Amino acid sequence: MPAKTAQDSGDPAEDGPSAETVGSIGPATETVGAPTEADPSPARTSGPPAEVVGPLVRGVGVLRRLTEAGGTLSPSALERATGLARSTVDRITATLARMGHVRLDGRDVVLTPRVMELGNAYLAALRLPALLGAHADALADELDESVSLAVADLDGIRFIHQATRRRAMSVSFRIGDLLPAERTAPGALFAAEWTETDWERWRSRRRQDPADATFPAVPPRSPSAADDFAERVARAGRDGWALDDQLIEPGLVAVSVPVREPDTDRVACVASVVSHTSRHSAAGLHTTLLPRLRTAVAAMEAELRTAPPPEPGPPPTGLAAWTSASKHELGRDFVESLARGLTVLTAFGEGRPALALTEVARATGLSRATARRALLTHEHLGLVAARPDRTFSLTPRVLDLGFPPLSRSTLPRLAEPHLRDLADRLHEPTALAVLTGEGTEIQYTAGAGASRVLTVHITVGARLPAAATSLGRVLLADTAAPPSPALAEIRSQGYALVDAELESGLRSIAVPVRDRAGRAVAAVNVATHAARRTVEDCVHDLLPDLRATADRIQDDLRTASRFTPVPPL
């Protein structure tokens, strides 16, 4: 069956743009700085192209509004933020929920880790985080200061890697955050390579948005702030480094050095060391930290010169068939053209930084016509760039789609909705725990209760002996070398069951949660009273659902941790 396009779907909401669906999200006029859904490209002066996919525009708008709000909004708030009809918002969020990009949590729409697959596709195609991230992390450890990597995004800068120090007062920028170039040290280094067209874009944006309202990651610009960006750009071009002396807010200082591409000598990204004035003055950054930053940048540039070409990973498969099946099952509540349009972004990735139309169609299983309209729409929205060789590549603005609020996730935060679902399904309490540093105790990090008179209630943060709990034993079975016969059996069967050893009448069964490297970093369990379930019931009735829940937590962990650390606590 050929893939349907937006026009032949027979659903009015699958049609192209309309006055309500595009114009309500943003004006179809020339814009600069942070994009609107109607026309994010400053090079354009007219409305959206005739072939733009309206539902895709609207769906991207919903994801951007959720991102700006920190990841959670009610449908009513989305209706107000986007200007879309409530029925349209409901159908878009239902489609995004089917794709796993959001979950419908009571009255709220909440971004889920799976939406990070879109940003992961850009970061994997870029390669810079994979090649340079370890150097940035090592520098942060050496200096005990936060270190970031940023790329240019039109007249702004966007973070692609953060090595943040955990202190009472620390830098709170996230991967994917967009900052105005003139209020950062990296911006001056990128602007040293701007053309006159770039400068005109920047001047136009400054006229339209003098307070930086389109950059939610930074506080509003002070009317009394110095207007010396051109001077700082000239100095950065001459010196080869740049300084941020409290440009974003009082107390925040940074020093930056460009990392240059080996073939063109143009700036590939900028490495920065960030601190605050209670630790370093701006002058102190120059004299104390700049030499070590330059040494690290030299190592980064050597990495770029010597890195072998990437091996293309497997592209996604079966996406077109999945969207067609979802449309058949859900009918009008599934916006197929939105789902297909978003899957186009995942065709890119490691070893696939630039793809021709035919390659995108082949990777997604979509028809050339459907893939073409999706690419044109993404280009219109600023998410995809057309290249002179007739290929397409992702832009940093893909990180606008849910990445920043989720890039600081913790394992308990990822696990909590899955634990609630499991507890509601089994009517038994569930918990997540990790081994403490000594390896002799477990610490509970998340849990969900059950509405029973007799139930297990252990507070988050509580510690128990690892050897006396199912959670501890399944973790010890993965770490002990060599394991005892009992632990070896647990490792072989993949679960641990404890029967009335911690407390009379208490039975619990646990399975491990593994990270991208296959290490057991946590465990999840279900607890019950011996009067409710036999040992055999625990294995036959509880274990399958428990394993399925652990798999879902692992999937979220592996997606979220591909380019960002996910702390276990």
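This is a dialogue on reading helices, backbone angles and contacts in a predicted model.

Visitor: How many residues does helix α16 have, and what should they span?

Guide: The expected span follows from a rise of 1.5 Å a residue. Helix α16 runs over residues 411-426, which makes 16 residues, so 22 Å is expected. The C-alpha atoms at its two ends lie 22 Å apart, in agreement with that figure.

Visitor: Where is the kink in α16 centred?

Guide: A bend is read as the angle between axes fitted on either side of a residue. In α16 the kink is centred on Pro-417 and comes to about 30 degrees. Pro-417 is also one of the buried residues of this helix.

Visitor: Which residues of α16 are buried, and what do they pack against?

Guide: Buried means a relative accessible area under 20%. Besides Pro-417, the buried residues of α16 are Leu-411, Pro-412, Leu-414, Ala-415, His-418, Leu-419, Leu-422, Ala-423 and Leu-426. The buried residues pack against four strands, β2 (102-105), β13 (430-435), β14 (441-448) and β18 (520-529), and against helix α19 (535-560).

Visitor: What does Thr-445 touch, and is this residue buried or exposed?

Guide: Thr-445 sits in strand β14. Its relative accessibility is 8%, so Thr-445 counts as buried. Leaving out residues up to four places away in sequence, Thr-445 touches Pro-412, Leu-432, Ala-433, Val-434, Val-460, Pro-568 and Leu-569. Among these, Pro-412 belongs to the buried set of α16.

Visitor: What follows α16, and what is the sign of its phi?

Guide: The residue after α16 is His-427, and its phi is positive, near 60 degrees. His-427 is not a glycine. It lies in the loop between α16 and β13. With a relative accessibility of 47%, His-427 is classed as partly exposed.

Visitor: Where is Asp-144, and what is its phi?

Guide: Asp-144 has a phi near 55 degrees, again a positive value in a residue other than glycine. Asp-144 is placed in the loop between α6 (128-143) and β4 (146-153). Its relative accessible area is 36%, and Asp-144 is therefore partly exposed.

Visitor: Which peptide bond is cis, and where is its proline found?

Guide: For a peptide bond, the angle to read is omega. From Ala-481 to Pro-482 omega is near -10 degrees, and the bond is cis. Pro-482 is found in the loop between α17 (470-479) and α18 (485-493).

Visitor: At what angle do α11 and α12 pack, and how far apart are their axes?

Guide: Helix α11 (residues 319-330) packs with helix α12 (residues 336-345) at about 160 degrees, and the axes are 10 Å apart. Angles over 145 degrees count as roughly antiparallel, so α11 and α12 fall in that class. The crossing of α11 past α12 is right-handed. On the α11 side the contact involves Leu-319, Ala-320, Thr-323, Ser-324 and Lys-327, which meet Glu-336, Ala-339, Arg-340 and Thr-343 of α12.

Visitor: Are α2 and α3 roughly parallel or roughly perpendicular to each other?

Guide: The axes of α2 (residues 54-68) and α3 (residues 75-82) come within 10 Å and cross at roughly 110 degrees. That makes α2 and α3 roughly perpendicular, because the class takes in angles of 65 to 115 degrees. The pass of α2 by α3 is a right-handed crossing. Gly-61, Val-62, Arg-65 and Leu-66 of α2 make the contact with Leu-78, Ala-81 and Thr-82 of α3.

Methods:
Residues numbered from 1 in each chain as written. Predicted model: local features only at pLDDT ≥ 70, side-chain atom pairs only at ≥ 80, totals over all residues. Heavy atoms only, no water. Expected span 1.5 Å × (residues − 1). Bend = angle between axes of the 7 residues up to and from the residue. Buried < 20%, exposed > 50% of the residue type's maximum accessible area, 1.4 Å probe, protein only. Contact = heavy atoms within 4.5 Å. Axes fitted to C-alpha atoms, helices over the stretch in contact; angles between N-to-C directions. Parallel < 35°, antiparallel > 145°, perpendicular 65-115°, else oblique. Left-handed = near helix turned anticlockwise from the far one by under 90°.
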